[in-house]
Amino acid sequence: MEKIEKTYNVKNGGNLSVLSEFGAIEIQTAEQENVEIVITKESKSKSVEAVEKMLADFELAFEQKGSDVYIRGVFKHDREHWRKQFNLAKIHFLITVPQQYNVDLNTLNSDISVVNLTGAVRVKTSGGSLHFQSITGTVSGHTSGGSIEAVDVTGDVQVRTSGGSLRFGAIQGFISGRTSGGSIKVVDCKGGTDVRTSGGGIWLGGIGRNVTARTSGGSIQAALATQPESECSLRTSGGAITCTLMPDVAVDLEAKTSGGRVSTDFAMESVIQGKAPKNRLEGSINGGGPLLKLRTSGGNIHLQKASN
């Protein structure tokens with residue numbers, strides 16, 4: 001195993017930029033005015049000579065400008081030449097930064113983790129999972145092949161993945177989440193939620209302000225903890241919808257299904273003339289308010305009253 005260690009004196013509020021063609025990145029913080037870098041390169045199979053050659057071909061460059069630190073990791077030869085060896089090698093960036101710092105991280109085929117940071121977080125990977133925890137600031141993340149988890153974030157979260165699930169917990173800001181191949185779970189979001197998936201169910205609990213949720217391949221369960229401030233919408237093409245509201249919530253409801261029934265625990269002032277069809281409800285609840293749209297093509301809809 002080869003280990004590279006660097007230390008740079010910086011001030012709070014600086015920026016760490018990592019641009020690497022391979023390797024997992026782990027960011028942690030400490031009460032210090034240093035950026036401490038520990039990079040390890042090791043083979044998972046000692047008998048494969050090609051892996052050792054790949055690790056030797058991976059070159060690192062470091063630069064400091066004021067309180068900003070830049071790290072670049074590239075293969076001296078074509079990266080594609082080493083593709084067969086990626087699963088047999090491990091490169092790991094363990095970087096400790098001041099608690100008040102900003103990070104801009106970009107790697108390929110590997111995971112990224114950022115914890116206990118006050119600052120802006122921007123990350124991107126083409127083939128790994130993303131993990132954010134205890135962040136005071138905005139979070140922006142993109143992966144093409146892994147799951148995303150964000151827990152205890154005081155700020156807006158904007159993430160996207162093409163091949164994994166999304167999990168959020170204790171988010172004080174607004175959530176924007178997109179996935180093409182996984183489920184979505186949100187617990188305790190104070191700033192509103194906009195989530196969409198093409199291949200899984202959606203579970204939302206303790207949602208504040210407003211919610212928009214879309215899925216093409218699963219059911220939706222959503223519990224709104226507060227009075228909506230503007231239009232909310234839940235839509236699925238392949239499952240049931242259960243929406244739970246506080247007893248005193250005031251909304252205008254539009255609920256429709258093409259393949260089931262619509263029911264509610266609330267008393268409604270219906271705007272539908274005559275006998276209401278089993279698959280549709282329209283009207284006001286508790287005097288009316290922002291529009292609540294519920295749509296599904298393949299299941300039942302139930303508007304549920306939360307217990308006090």
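Q: Why is aspartate 188 called partly exposed?
A: In this predicted model, aspartate 188 has a relative accessible area of 28%. Buried would mean under 20% and exposed over 50%, with partly exposed in between. The value of 28% falls in between, so aspartate 188 counts as partly exposed.

Q: How do you know that aspartate 188 forms a salt bridge with lysine 190?
A: Look at the closest N and O atoms of the two side chains, which are 2.5 Å apart. A salt bridge asks for a side-chain nitrogen of Lys or Arg within 4 Å of a carboxyl oxygen of Asp or Glu. A gap of 2.5 Å is within 4 Å, so the pair qualifies. In total, the structure holds eleven salt bridges.

Q: Why does lysine 190 count as partly exposed?
A: Lysine 190 has a relative accessible area of 41%. Because 41% lies between 20% and 50%, lysine 190 is partly exposed.

Q: What makes the phi of aspartate 188 worth a look?
A: Aspartate 188 has a positive phi of about 65°, although it is not a glycine. Most residues other than glycine have a negative phi. You can find aspartate 188 in strand E17, which covers residues 184-189.

Q: Which other residue has a positive phi although it is not a glycine?
A: Alanine 170 is one, with a phi of about 55°. Alanine 170 sits in strand E15 (residues 166-171). Its relative accessibility of 27% lies between the cut-offs of 20% and 50%, so alanine 170 is partly exposed.

Q: How do you know that arginine 209 and glutamate 229 meet in a salt bridge?
A: Their N to O distance is 3.3 Å. The limit is 4 Å, so this pair also passes.

Q: What does the pair of arginine 209 and glutamate 229 tie together?
A: Arginine 209 lies in the loop between strand E19 (202-207) and strand E20 (211-215). Glutamate 229 lies in the loop between strand E21 (220-224) and strand E22 (232-236). The pair therefore ties together parts that are 20 residues apart in sequence.

Q: Is glutamate 229 buried or exposed?
A: Glutamate 229 has 53% relative accessibility, and because this is over 50%, it counts as exposed. Its partner arginine 209 has 39%, which is in between the cut-offs, so arginine 209 counts as partly exposed.

Q: What makes arginine 280 and glutamate 282 a salt bridge?
A: Their side chains meet at 2.6 Å, N to O. That is within 4 Å, so the rule is met. Arginine 280 is partly exposed, with a relative accessible area of 31%. Elsewhere, salt bridges that share partners join Arg178, Asp194 and Arg196 into one network.

Q: How many aromatic pairs are there?
A: The count comes to one aromatic pair. Its members are phenylalanine 58 and phenylalanine 75.

Q: Why is the pair of phenylalanine 58 and phenylalanine 75 called edge-to-face?
A: A pair of aromatic rings is described by the distance of the centres and the angle of the planes. Here the centres are 5.2 Å apart, and the limit is 6.5 Å, so the rings pair. The planes stand at 65°, which is over 60, so the pair is edge-to-face. The two rings link distant parts of the chain: phenylalanine 58 belongs to strand E5 (residues 58-65) and phenylalanine 75 to strand E6 (residues 68-75).

Q: Are phenylalanine 58 and phenylalanine 75 buried or exposed?
A: Phenylalanine 58 has 3% relative accessibility and phenylalanine 75 has 5%. Both values are under 20%, so both residues count as buried.

Q: How do you know that phenylalanine 132 is buried?
A: Its relative accessibility is 0%, which is under 20%, so phenylalanine 132 counts as buried. This residue is in strand E11 (residues 130-136). Leaving aside neighbours within four places in sequence, its contacts include Val114, Ile148 and Val159.

Q: Why does threonine 193 count as buried?
A: Threonine 193 has 2% relative accessibility, and this is under 20%, so it is buried. Threonine 193 is in strand E18 (residues 193-197). Among the residues it touches, not counting those up to four places away in sequence, are Phe174, Ile207 and Val211.

Q: How many of the residues of the chain count as buried?
A: Of the 308 residues, 46% do. As for the elements to look for, the chain has one helix and 29 strands.

Conventions
Residues numbered from 1 in each chain as written. Predicted model: local features only at pLDDT ≥ 70, side-chain atom pairs only at ≥ 80, totals over all residues. Heavy atoms only, no water. Helix = DSSP H or I, 4+ residues; strand = E, 2+ residues; numbered from the N terminus. Buried < 20%, exposed > 50% of the residue type's maximum accessible area, 1.4 Å probe, protein only. Phe/Tyr/Trp six-rings, centres within 6.5 Å; stacked < 30°, edge-to-face > 60°. Contact = heavy atoms within 4.5 Å.
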